[in-house]
Structure formats: structure tokens, C-alpha cells
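Work through these exercises with the sequence and the 3D view open. Try each task before you read its solution.

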Amino acid sequence: MRTRHLARTAVRNLGILAHVDAGKTTLTERFLYLTGATHKRGEVHDGTTVTDFDPQERDRGITIFAAAVSCDWHGHRLNLIDTPGHVDFSDEVERALRVLDGAVAVFDGVAGVEPQSESVWRQADRHGVPRIAFVNKLDRAGADLDGALDSLRTRLGTVPLAVQLPIGREDAFTGVVDLVRMRAHEWPAGAGTYTEGPVPEELRDEADRRRRALAEKVAELHGAALEEYCEHGTLTERTLVAALRDLTLSGEAVVVLCGSAYRNRGIEPLLDAVVAYLPAPTDMPPVGGAHPADPEAPFTALAFKVAATPTGRMTYLRVYAGTIRKGDTVLDTTTGRTERIARILRVQADRATEADQAVAGDIVAVVGPKSARTGATLCDPGAPVLLEPPVVADPVVSVAVEAGRGPDTERLAAALARLTEEDPSLGVRTDPESGQTVLSGLGELHLEVAVEKLRRAQGIEVTVGRPRVAYRETVVRGVTGLVYRHVKQDGGAGQFAHVVVDVEPLEDGEFVFRSAVTGGRVPQEFVRAVEAGCRDALVEGPLGGHPVTGVRVTLTDGATHVKDSSELAFRAAGRFALREALRTSEMALLEPVAEVTVTVPDTAVGTVLGDLSARRGRVTDSTTRGGTAVLTATVPLAELFGYASRLRGRTQGRGTFTSRPAGYAPAG
């Protein structure tokens with residue numbers, strides 16, 4: 001039993017995180033190749049990568065769906081999830097981070113921290129996922145490790161600890177100096193592996209300076225390292241590695257390595273760093289009351305992904321405690337139903353191998369559960385536990401969809417249900433006015449991919465309407481002392497509730513309710529009913545039936561009837577009182593906005609600025625470097641539909657842009 005438990009220390013569950021085109025998928029391919037998991041290097045531009053196996057991923061050249069793979073490195077099992085870098089698929093990243101123990105954040109050596117790399121970094125912050133960083137593409141013109149480190153400091157607010165020094169710049173980049181061991185690793189052109197030797201003489205002074213700076217910074221942050229540094233003026237390799245691991249696990253600092261994934265340079269040291277610095281399942285805090293990664297504890301797992309495949313419905317699990325075997329029965333505590341595990345699969349992207357069991361710390365897929373959804377807790381029926389599910393983002397863009405052929409109408413409804421089961425960030429509803437089926441998602445590309453999946457996988461011709469954004473309504477100037485009396489008498493027990501409310505704008509947040517009633521005039525259970533009624537009223541605002549946000553409601557007074565007052569009556573009073581208050585208040589319409597980063601030749605800046613202004617964009621930053629301008633602007637999401645093609649047309653195909661959600665702003 002002890003041997004099995006100790007084996008969990010040799011497991012690393014990690015994600016690869018980055019902005020789109022920073023090199024995540026290429027890095028994952030190099031991991032698989034160098035560890036012997038694959039025998040040929042896949043390339044994104046050739047459509048031959050293991051993790052981008054979906055036809056749409058290969059056609060578009062981007063990662064759309066999080067893909068799980070595994071490999072072995074120096075006696076350690078690495079379970080990797082290659083995550084999307086495009087903002088429209090950030091919910092895939094959220095679900096992956098919920099079940100990962102660590103991550104490698106990849107940054108472009110030229111661009112440094114980009115908008116989506118900042119977004120996924122914040123997501124990892126929220127989940128408390130320890131990270132190391134890899135500055136990629138150091139072989140490109142303009143690549144600069146120190147510039148990337150500065151952007152990590154300023155944009156992410158972290159403490160980067162560079163443990164390597166590049167050998168050569170741009171095209172002449174051939175290797176790195178390991179500042180921990182003070183050895184040089186070089187990858188000769190055409191060679192299959194690296195050579196190790198002493199630090200090149202021309203870099204000796206610089207390497208010594210950086211080694212001292214690294215030791216000083218680590219000593220500032222780590223108590224045990226500080227004692228050794230004060231006594232000896234330096235840190236041994238053993239102390240430095242131990243301190244760097246502690247700082248990584250605590251999140252106080254980030255170990256930074258560098259290289260070029262495309263040219264296979266710097267990958268082996270990065271694999272070593274994954275093993276040395278990122279946590280094992282046994283390093284993570286307990287989940288569900290069980291000892292971390294204890295195979296003997298009652299079984300506990302979280303379903304973080306559901307996929308429909310030609311061989312059946314697969315549910316991806318992170319096993320937190322216990323052991324599961326083929327044929328076991330588990331409890332889905334989300335639904336209260338029991339499910340039978342028919343098969344356990346070790347997944348390698350779109351391929352899988354059978355396994356007899358899975359133990360704490362594993363990431364596997366199972367076949368058998370019929371109703372388990374993303375976020376479900378599967379556990380031992382004798383020891384029920386409920387784990388916190390991943391947070392699902394609210395959709396912001398919608399399109400009307402309908403079957404192109406009459407006979408496909410029923411098939412379309414079933415296919416949409418499967419889509420939302422696989423991707424909870426998609427939503428499907430029927431418009432009450434038009435009767436149309438409305439598909440909602442996180443962005444224009446997100447919906448394009450979903451519709452194309454319907455066409456390709458299901459063979460359904462789909463007609464798509466113009467995209468629409470999700471508006472909100474908010475209070476600009478509220479009302480005080482609004483009185484509402486709910487009285488209903490239709491035979492038998494009646495309904496009576498009397499409430500007085502104040503409504504005012506809420507600067508930060510969606511909704512706050514509080515009671516200022518004194519003297520017990522409204523019992524506490526009725527106060528809770530009033531709050532529930534107010535929440536009911538927020539679903540539709542008075543301007544256009546959009547959800548209401550940014551409002552504070554205060555219950556200031558009320559009255560009850562000895563016989564006719566009830567929670568139902570006070571809930572109705574709360575609902576109708578807030579509806580009336582909102583109709584009386586000064587309201588404003590809010591629309592979703594995005595922060596857009598546009599990269600164009602400096603000769604096209606004037607044209608692009610004019611176009612952004614026409615789209616109601618507000619430019620917040622502008623920088624120019626080497627003939628290229630980078631513009632940052634806040635633009636209404638509704639104005640970004642079709643912007644990619646317009647930008648390419650105005651810049652002769654040389655302009656690119658990325659965007660990320662920036663909340664809501666008054667519609668203008």
C-alpha cells in the first residue's frame with residue numbers, strides 16, 4: 001500500500017497555457033516526441049499534431065478543444081492537457097485548470113505577455129495553480145528574454161526567476177546556460193539531442209552575474225535560503241532547487257526557462273523543470289476530506305469534460321482519492337443517480353487504451369455513465385461527497401439557427417442538446433416572440449465552430465442568422481420608499497404582504513440585497529422570500545427585457561397578516577415591488593465590450609484608427625516597434641462582427657487582432 005501511495009509523487013498533472021500562436025501545441029508535440037510517446041514530430045502548419053486532431057483545428061491552425069495526453073520522463077508520469085489559446089474557448093481552459101495541479105505558461109519571446117496569456121494567467125491565479133514559464137521563439141527576429149521578463153513583472157505582477165541565459169540571439173540562438181548548475185546546453189543544427197559542457201568563456205561573466213542575482217532574489221523570498229546565503233554568500237544547487245520548488249508551489253515566484261519549441265531547443269531542460277518544480281498530486285491540499293491522492297480512501301472524482309465519440313459517450317475524470325475499477329458502481333451526487341463504470345481509458349488525444357483501474361491522482365476517461373455532466377462529482381456510494389464544479393462563463397453572443405431541410409428539424413434539436421452537453425458554455429433556447437431556436441456562446445468564432453460541428457459531425461444543413469450580443473440593463477438613479485402591498489383573496493387562505501424598498505445603483509457587483517427592518521416587523525424567513533422575489537425580477541428589465549445588473553435593494557419596512565402572510569406572498573411582493581421600482585428608476589442599457597489589440601504596419605495606423613473610431617472604439621494605448629504598430633482599444637462587441645476580414649482588407653492582409661472580454665459599458 002505504501003508503494004502505491006509513494007508512486008503518486010512521480011505523477012505530474014499539468015496544463016500548457018498561452019495566448020494563441022505562442023507555441024503551446026508545438027511545445028506539447030516536442031514533449032511527446034522527446035519522451036518517446038510519439039515517433040515523429042507533428043507540426044501545426046502541416047496539420048499533423050497529436051493534440052489538434054479535430055478537423056476544424058487542423059483547418060484553422062488553432063487549438064479549439066482541450067486535449068489530454070500522457071508521457072513518461074525520467075521515471076515520472078506526465079499527464080498533459082493542451083488548452084486553447086483563443087479567448088472564445090476560455091471555458092475549455094477553465095475546466096482544465098479546475099483539475100490540474102500545475103501548468104507551463106508559454107510566452108512569445110518577441111511579444112512577451114499578450115492579452116490572452118494574461119487572461120489565462122488570471123484564471124490560473126483564481127484556481128491557485130502553481131506555474132513555471134517558458135519564453136518561446138527565442139530564434140525569431142526581435143526576441144528578447146529580458147523584455148519578456150519585464151512584461152511578466154509589469155503586466156502579471158509576478159516575480160520571474162530566470163534560471164537560464166540564452167546562448168546566441170535570434171537566428172544565432174543555439175542553447176542555454178543552466179544558471180542553477182552553471183552548465184551549458186547546446187543543440188547543434190541537425191542534431192537529435194543536446195550537448196552539455198562548461199559555460200562558454202564569452203558568457204562566463206554574464207552567467208556569474210545572473211547566478212548571483214538569482215541567488216540574491218531567492219534568498220529574499222525564502223527563509224532557509226536566506227540563512228545559507230548570509231552564511232556563505234551563495235546558494236548550493238540543492239538549496240536553490242528546493243527553494244525554487246517551494247516558491248513555485250506557494251506562488252510567490254515563477255521559474256522562467258527559455259528556448260525554441262519549433263527548433264527543438266530548450267525542451268529537455270523544461271521537462272526536467274516540470275519534474276523538479278511543479279507539484280505532484282500528493283502536494284495538493286485534501287479534496288472532499290480525503291488524504292491527498294490516497295488510493296485507499298473512498299473513491300472521489302470530478303467530471304471535467306464530456307465527449308461523444310464513435311465508440312460511445314466518454315466522461316473525463318480527475319481522480320482525487322481512492323481507486324476505481326471496471327464494473328464498479330459510483331454515485332453521481334449532482335443528480336443522486338448511480339452509474340456503472342463499463343470501461344476505463346488512458347487517453348492520448350483521439351486515441352485511447354484500456355485500463356483495469358484508475359487511482360488517486362490519475363486523469364482518465366470512462367465509458368458507462370449515461371447522465372453525468374461536466375462538473376459532476378462521481379464518488380463511492382457509501383461515502384457521498386460534492387466537489388465544487390468548474391465555473392461556466394455566461395454567453396455573450398447569440399445566433400438564430402434552423403434546419404435547412406424540414407426532416408432535419410428533430411435531428412437539429414437532438415444535436416444541439418449533445419453540443420451543450422459537451423460544451424456547457426453554449427446555450428440553447430427558444431425565442432418566445434419569434435419561436436426561433438437561439439444558440440448562444442462566448443464569441444463569434446465559438447459559434448462558428450459549433451455550427452460547423454453540426455454540419456460535419458451530424459450532417460445537418462444549418463441556416464444561421466446574424467449574430468446578436470447579450471445586453472444588460474442597470475440602474476442610473478434609483479427610488480426610495482417605494483411601497484408595494486400584495487393582497488390576494490380568492491376563497492380559502494389569502495395572500496398578504498406589505499413591503500417598502502429602496503433601490504439604488506451598485507458600482508461594483510451584480511446584485512446586493514439587505515434588510516433594514518427593525519422590531520421584527522418582517523420575520524427573517526419572509527425577508528429571505530423578498531430577496532428571492534427580487535432576484536426573480538432581475539431576469540427581465542423594463543427597457544427591453546434584458547437581465548438587470550448593478551442594483552442594490554434595501555428592505556426598509558413591511559407588515560404582515562396573522563393568517564394570510566406566507567413566504568409565497570412575500571416572494572411575490574418582492575418581485576412586483578422591484579419590477580415597479582425599476583420602471584420608476586432611471587435605467588441605462590449596457591452592452592458587452594472587448595479589449596482589442598490590433599497589430600498592423602505603421603503605415604496603416606491612420607486607416608485602422610479611423611475604422612476603430614467608426615466602430616465606436618476607444619483607443620487606450622499605442623506603441624510602435626520596428627515598423628509595426630500595436631493599438632489597444634475598447635470596442636463594443638457588436639461592432640467586432642466581421643472585423644477580421646475588414647482589417648485584412650485595409651492592411652493588405654498584414655493586420656491581425658486579438659480580443660478579450662472587458663465587461664459591460666453603457667450602450668451608445
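**Exercise 1.** Which residue in β8 is the bridge partner of Q164?

*Solution.* The model is predicted, so local features need pLDDT of at least 70, side-chain atom pairs count only at pLDDT 80 or more, and totals for chains, interfaces and linings use all residues. Residues are numbered from 1 along each chain as its sequence is written, and side-chain values use heavy atoms, leaving out hydrogens and water.

Step 1. Find the strands: β7 covers residues 164-167, and β8 covers residues 175-178. Helices (H or I, at least four residues) and strands (E, at least two) are DSSP runs, numbered from the N terminus.

Step 2. Check the pairing. β7 and β8 are antiparallel, with four bridges. Two strands pair if DSSP finds at least two bridges between them.

Step 3. Read off the partner. Q164 is bridged to D178. Likewise, P166 has V176 as its bridge partner in β8.

**Exercise 2.** Sort the residues of β7 by the way they point, and say whether they are buried or exposed.

*Solution.* Step 1. Q164 and P166 point one way. Step 2. L165 and I167 point the other way. Step 3. All are buried (buried is under 20% relative accessible area, exposed over 50%, partly exposed in between; 1.4 Å probe, protein chains only).

**Exercise 3.** Place β7 in its sheet and name the edge strands.

*Solution.* Step 1. The sheet is open and has four strands, in the order β7-β8-β9-β10. Their pairing is antiparallel. Step 2. β7 and β10 (195-197) are the edges, as each pairs on one side only. Step 3. From one strand to the next, the twist averages 25 degrees. Axes here are lines fitted to C-alpha atoms, for helices over the stretch in contact, and angles run from 0 to 180 degrees between N-to-C directions.

**Exercise 4.** Trace the open sheet of eight strands.

*Solution.* Step 1. Its order is β16-β15-β21-β12-β13-β20-β17-β18, with antiparallel pairing. Step 2. The edge strands are β16 (337-340) and β18 (351-355). Step 3. Neighbouring strands are turned by 40 degrees against each other on average, direction ignored. Step 4. Look at one edge: β15 (residues 329-332) pairs with β16 over four bridges. There, L331 stands opposite T338.

**Exercise 5.** Why does T554 count as buried?

*Solution.* Step 1. Locate T554 in strand β32 (residues 551-559). Step 2. T554 counts as buried because its relative accessibility is 3%. Step 3. List its contacts (heavy atoms within 4.5 Å). Leaving out residues up to four places away in sequence, T554 touches V500, V501, D502, E504, R514 and A516.

**Exercise 6.** Which residues have the most contacts inside the largest nonpolar core?

*Solution.* Step 1. Define the core: a set of buried Ala, Val, Leu, Ile, Met, Phe, Trp, Tyr and Cys residues joined through side-chain atoms within 4.5 Å. Step 2. The largest one has 51 residues, and those with the most contacts inside it are L27, L78, V104, I132, V218 and L244. Step 3. Helix α10 (residues 267-277) supplies the largest share, seven residues. Step 4. Take L27. Beyond its neighbours within four places in sequence, its contacts are I16, V104, V106, F134, A261, I267 and L270.
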